[in-house]
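Reader: I should like to learn how the features of a protein model are read. May we go through them one at a time?

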Amino acid sequence: VIDDASHRPLDIAKTVFFWFPLIEARGLLFVEDIQPTEEINSFRTQFLPQMMADLHYCGNNKELRGDKPCFSQVQPFLAGIHCEMHICVFERNDEPAVEPEKTQKVALENALNANKCRSFKY
């Protein structure tokens, strides 16, 4: 899936939450136009660090990492995140695609606030 829609950070986060669970195993989600500008900065500085924390989340060290991933609706599907210049590619793992519940298709309130994610604080 290639996202070439709104360049607003919350809209991009919504794209990830909506599409990522629906993509087939080993599929890719391309998000473009994430250049370092004032408008898009919170995607780069708040959302992406939480996704990276989820990519490396083990769930077994509650003392250091909190007790759950930042984004539990996408974390089980993450295999990799690759960003360069103005584009990020989110890679799916081998888990089969699923139709998430309606409430899981929307960006969480903390999507653009890394301080709200308990597992991000270490």
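Reader: What percentage of the 122 residues of the protein count as buried?

Author: A residue is buried when its relative accessible area is under 20%, exposed when over 50%, and partly exposed in between (1.4 Å probe, protein chains only). Of the 122 residues here, 40% count as buried. This is a predicted model, in which local features need pLDDT of at least 70 and side-chain atom pairs count only at pLDDT 80 or more, while totals for chains, interfaces and linings use all residues. Residues are numbered from 1 along each chain as its sequence is written, and side-chain values use heavy atoms, with hydrogens and water left out.

Reader: In what order do the elements of the protein run from the N terminus on?

Author: Elements are DSSP runs numbered from the N terminus: helices (H or I, at least four residues) and strands (E, at least two). The order in this protein is β-α-β-α-α-β-β, with three helices and four strands.

Reader: How are the four strands ordered in the open sheet?

Author: Two strands pair if DSSP finds at least two bridges between them. The order in this open sheet is 1-2-4-3, and the pairing is mixed. Strand 1 (2–3) and strand 3 (78–84) are the edge strands, each pairing on one side only. Six bridges join strand 3 to strand 4 (residues 87–92) in the antiparallel sense. Opposite isoleucine 81 stands phenylalanine 90 of strand 4.

Reader: Which strands does helix 1 touch?

Author: A contact means heavy atoms within 4.5 Å. Axes are lines fitted to C-alpha atoms, for helices over the stretch in contact, and angles run from 0 to 180 degrees between N-to-C directions. Helix 1 (residues 9–19) packs on the sheet and touches strand 1, strand 2 (28–32) and strand 4, its direction making about 170° with that of strand 2. Helix 2 (residues 41–55) lies across strand 2, strand 3 and strand 4, at about 145° to strand 3.

Reader: At what angle do the axes of helix 1 and helix 2 cross?

Author: Two packed helices are described by the angle between their axes and the distance between the axes. The axes of helix 1 and helix 2 cross at roughly 25° and come within 9 Å. The two helices are therefore roughly parallel to each other; angles under 35 degrees count as roughly parallel, over 145 as roughly antiparallel, 65 to 115 as roughly perpendicular and the rest as oblique. Pro9, Ile12, Ala13, Val16 and Phe17 of helix 1 meet Ser42, Phe43, Phe47 and Met51 of helix 2. The residues of this contact divide into eight nonpolar, one polar and no charged. Here Ala, Val, Leu, Ile, Met, Phe, Trp, Tyr, Cys and Pro count as nonpolar, Asp, Glu, Lys and Arg as charged, and the others, Gly among them, as polar.

Reader: Is methionine 85 exposed or buried?

Author: Methionine 85 is exposed, its relative accessible area being 63%. This residue lies in the loop between strand 3 and strand 4, and its phi is near 55°, a positive value in a residue other than glycine.

Reader: Which residues does histidine 86 touch, not counting those up to four places away in sequence?

Author: Histidine 86 touches Val31, Glu32, Asp33, Ile34, Gln35 and Pro36. Histidine 86 and glutamine 35 are 51 residues apart in sequence and 4.7 Å apart in space, C-alpha to C-alpha. With a relative accessible area of 37%, histidine 86 is partly exposed.
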